[in-house]
Amino acid sequence: MTHIDVVALLAVAQYLVFGSMVGQARGKYGVQAPAVTGHEMFERTYRVQMNTLEMLVAFLPALYLAARYWPTVYVAGAGVVYLIGRVLYARAYLTKPDSRGLGFLLSMAPVTALLLAALVGALMGRSGAPA
Amino acid sequence: MTHIDVVALLAVAQYLVFGSMVGQARGKYGVQAPAVTGHEMFERTYRVQMNTLEMLVAFLPALYLAARYWPTVYVAGAGVVYLIGRVLYARAYLTKPDSRGLGFLLSMAPVTALLLAALVGALMGRSGAPA
Amino acid sequence: MTHIDVVALLAVAQYLVFGSMVGQARGKYGVQAPAVTGHEMFERTYRVQMNTLEMLVAFLPALYLAARYWPTVYVAGAGVVYLIGRVLYARAYLTKPDSRGLGFLLSMAPVTALLLAALVGALMGRSGAPA
């Protein structure tokens with residue numbers, strides 16, 4: 001499951017990068033801890049991190065559980081779409097929040113697909129696919 | 001561990017449903033991104049998602065680690081209690097926030113029990129229970 | 001991987017303790033749900049929980065994936081540093097928010113190290129180290 005691990009680790013790394021952007025935005029836009037509001041650009045940066053956190057918590061279990069029942073190539077492929085979707089989402093949110101729909105869709109769709117695939121696999125009691 | 005997988009996947013799906021309710025509440029109550037405040041009902045919906053996120057992050061590892069040391073039937077049973085607790089919590093929070101205690105308890109108790117069971121199992125170096 | 005399980009479970013337990021502190025702070029500082037602002041001390045307590053949630057979501061996968069490729073003693077050791085870092089972070093944030101840097105560093109550094117170690121391991125296709 002090395003390919004799955006690489007996708008999972010890139011998703012975590014991407015999320016940590018978004019997190020570090022929030023730290024930088026605190027200084028740049030003068031938002032003192034513990035506040036998480038007060039400047040539109042800080043709030044957008046924070047929402048990118050939070051929304052990615054919200055997705056990651058679903059993405060990682062869906063990824064590994066789907067990989068338990070389906071071929072790695074499809075599962076890892078869905079993971080790559082998720083990674084790209086998150087980049088588009090972050091870029092859109094920081095420049096024009098109303099345009100973040102596509103990036104959201106491109107990350108939510110693979111999460112939903114992986115979740116449903118894993119659920120079907122678990123309910124059918126499929127044996128693990130070759131890694 | 002198929003039963004554990006099904007419980008885990010239902011917990012993730014439930015959480016995603018709560019998340020989609022937040023998206024709908026944005027439109028319904030006119031709370032523009034990146035704001036997460038401004039309308040009581042939006043905030044309640046958002047808190048249901050966030051609190052479920054907060055629980056899920058503890059529930060999933062506790063579920064799988066408990067399943068490594070204890071019989072599946074008990075572990076999956078605790079997971080089902082968690083799922084029901086979350087439904088009660090969401091329903092209560094959206095109608096009468098002060099009444100969310102029972103739902104909270106019914107989701108926090110299985111998380112705590114699974115965590116302690118897993119910790120006891122890991123510390124005693126128990127071998128895995130039959131799945 | 002019992003040692004890794006113990007570290008992971010302690011991290012989850014620590015996070016739940018921070019969460020229970022938020023519940024207590026609601027009453028103590030009179031912040032009614034669904035609000036998460038309104039009193040500096042409540043907000044600090046909430047940020048400790050949230051920041052720990054943000055870290056935990058990266059820590060747990062990084063811990064287990066690093067343990068798949070590297071010796072348990074180093075991986076568990078990094079995990080212990082994380083646990084100590086979180087205690088320092090919480091204590092600093094609640095008393096003097098500006099001094100939370102060291103605790104943050106001591107929890108972020110092991111997360112980053114585990115993530116990079118896991119990524120190197122996965123990319124090199126290392127076989128699992130003895131547990």
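What span should the 24 residues of helix α4 (residues 101–124) of chain C cover, and how far apart are its end C-alpha atoms? At 1.5 Å a residue the expected span is 34 Å, and the end C-alpha atoms do lie 34 Å apart, so the two agree. (The expected span is 1.5 Å times one less than the number of residues; helices are DSSP runs of H or I, at least four residues, numbered from the N terminus.)

This is a predicted model, with local features needing pLDDT of at least 70 and side-chain atom pairs pLDDT 80 or more, while totals for chains, interfaces and linings use all residues. Residues count from 1 along each chain as its sequence is written, and chains are lettered from A in the order in which they are written.

Plenty of α4(C) residues are listed as buried, including C:G103, C:M108, C:P110, C:L114 and C:A118; buried means 20 or more other C-beta atoms, placed from the backbone, within 10 Å of a residue's own. Their cover includes α1 of chain A together with α2 and α3 (72–95) of chain C. Just after α4(C) comes C:G125, with a positive phi near 60°.

Now for the chain contacts, where two residues touch if their C-beta atoms, placed from the backbone, lie within 7 Å. Chain C meets chain B through 16 residues on each side. On chain C, α1 (2–28) and α2 (40–69) each supply at least two of these residues, with the largest share, 10 residues, from α1(C).

Chain A and chain C likewise bring 16 residues each to their contact. Here α1(A) gives the largest share of chain A's side, 10 residues.

Notes. Helix = DSSP H or I, 4+ residues; strand = E, 2+ residues; numbered from the N terminus. Buried ≥ 20, exposed ≤ 12 C-beta atoms within 10 Å, placed from the backbone.
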